[in-house]
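User: I would like to learn how to read this model feature by feature, with the general idea placed ahead of the particular case. Could we start once the structure is in view?

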Amino acid sequence: MSSQEDPFQQAAPAPAASLADDGMTWWYKWLCRIAGVVGGVSCALAGLWNCVTINPLNIAAGVWMMLNAFILFLCEAPFCCQFIEFANAVSVRADKLRPWQKAAFYCGMAVFPVILSLTLTTLLGNAIAFATGVLYGLSALGKKGDAISYARIQQQQKQMDEEKLTGTLEEQAL
């Protein structure tokens with residue numbers, strides 16, 4: 001009976017294999033998503049506040065920050081943009097990106113308004129969006145190894161060093 005079940009199990013894709021396996025735990029994915037939504041809210045509010053001025057660079061930075069908020073909502077929380085037809089397609093495409101790509105994109109789009117207009121509002125408004133990029137960047141580094149495997153690697157390196165040292169001492173004695 002196991003021979004009949006094997007072809008079906010091999011043909012059916014594993015649920016984890018269909019998704020991009022980026023090594024992130026479920027709670028870390030939710031942390032990144034929540035940080036993205038909070039970053040979008042902070043960008044939108046700070047961007048709106050930046051637009052209430054007569055300085056053109058502040059207005060440009062404020063408009064860019066509101067665009068950042070829209071992109072963050074579109075990628076991280078498409079349910080906030082349910083009346084936009086392409087919201088789910090953009091979200092699915094953003095989920096296929098690797099964490100380092102999301103990190104570079106989010107950090108890059110958060111730095112641009114600060115370069116345009118270095119004010120406290122732009123710094124604080126983009127800080128959480130930048131932090132979202134940092135969280136994705138940290139997930140791109142991967143999981144931390146366990147202490148047992150590191151101790152085993154360290155022990156192997158010590159043995160190799162001792163063998164090299166004794167080998168050189170024996171050659172010098174001959």
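User: In which helix is Ala46 found, and does Ala46 count as buried or exposed?

Analyst: Bear in mind that this is a predicted model, and that a residue is called buried when its relative accessible area is under 20%. Ala46 is found in helix H3, and because its relative accessible area is 10%, Ala46 is buried. A second way to read such a position is to ask what lies across from it in space: Ala46 and Asn126 are 80 residues apart in sequence, yet their C-alpha atoms are 8.2 Å apart.

User: Where does Ala69 lie, and how far is the C-alpha atom of Ala69 from that of Gly125?

Analyst: Ala69 lies in helix H4 and is buried, with a relative accessible area of 2%. The C-alpha atoms of Ala69 and Gly125 are separated by 10.0 Å, although the two residues stand 56 residues apart along the chain.

User: What is the make-up of the protein in helices and strands, and how much of the protein counts as buried?

Analyst: The protein has eight helices and zero strands, so that its pattern, read along the sequence, is α-α-α-α-α-α-α-α. Of its 174 residues, 28% count as buried.

User: How many salt bridges does a search of the whole structure find, and which residues are linked in a network?

Analyst: The general idea is that side chains of opposite charge can pair when their charged atoms come close. In this structure the search finds three salt bridges, and Arg33, Glu76, Asp95 and Lys102 are linked in a network of them. Take first the pair of Glu76 and Arg33, whose side chains meet with a distance of 3.9 Å from N to O. Glu76 lies in helix H4 (residues 56-76) and Arg33 in helix H3, so this pair ties together parts that are 43 residues apart in sequence.

User: Which residues does the network join beyond that pair?

Analyst: The side chain of Arg33 also meets that of Asp95 in a salt bridge, at 2.6 Å from N to O. This pair links distant parts of the chain, with Asp95 in helix H5 (residues 87-96) and Arg33 in helix H3, 62 residues apart. Asp95 in turn meets Lys102 through their side chains, in a salt bridge of 3.8 Å from N to O.

User: Which members of that network are buried, and which are partly exposed?

Analyst: The cut-off of 20% separates buried from partly exposed residues. Glu76 is buried, because its relative accessible area is 3%, and Lys102, at 7% relative accessibility, likewise counts as buried. Arg33 counts as partly exposed at 22%, and so does Asp95 at 33%.

User: Where does Ala77 lie, and is Ala77 buried or exposed?

Analyst: Ala77 lies in the loop between H4 and H5, and at 1% relative accessibility it counts as buried. The C-alpha atoms of Ala77 and Ala87, which are ten residues apart along the chain, are separated by 9.2 Å.

User: Turning to the surface, which residues make the nonpolar patch, and which helix gives the most to it?

Analyst: The patch covers about 780 Å² and is made by Trp26, Trp27, Trp30, Leu31, Ile34, Val38 and Ile128. Helix H3 (residues 26-51) gives the most, with six residues. Ile128, by contrast, lies in helix H7 (residues 120-141), and because its relative accessibility is 31%, Ile128 counts as partly exposed.

User: How should I read a pocket, and what is the volume of the second largest pocket?

Analyst: The general idea is that rolling a probe the size of a water molecule over the atoms shows where empty space is left. In this structure the second largest pocket has a volume of about 200 Å³. Twelve residues line this pocket, and those nearest its centre are Gly23, Met24, Ser139, Gly142 and Lys143.

User: Which helices supply the lining of the second largest pocket, and how do its residues divide by type?

Analyst: H3 and H7 each supply at least two residues of the lining, and H7 gives the most, with three. By type, the lining residues divide into six nonpolar, four polar and two charged.

Methods
Residues numbered from 1 in each chain as written. Predicted model: local features only at pLDDT ≥ 70, side-chain atom pairs only at ≥ 80, totals over all residues. Heavy atoms only, no water. Patch = residues over 30% accessible without salt bridge, like charges linked within 9 Å, V, L, I, M, F, W, Y side chains within 5 Å. Areas by Shrake-Rupley, 256 points an atom, 1.4 Å probe, with all protein chains shown as cover. Salt bridge = Lys/Arg side-chain N within 4 Å of Asp/Glu carboxyl O. Helix = DSSP H or I, 4+ residues; strand = E, 2+ residues; numbered from the N terminus. Buried < 20%, exposed > 50% of the residue type's maximum accessible area, 1.4 Å probe, protein only. 1 Å grid on protein atoms, 1.4 Å probe; cavity = no way out; pocket = protein on both sides within 12 Å on 5 of 7 lines; lining within 4 Å. Points joined across faces, edges and corners; volume = space filled by probe spheres on them. Nonpolar A, V, L, I, M, F, W, Y, C, P; charged D, E, K, R; others polar.
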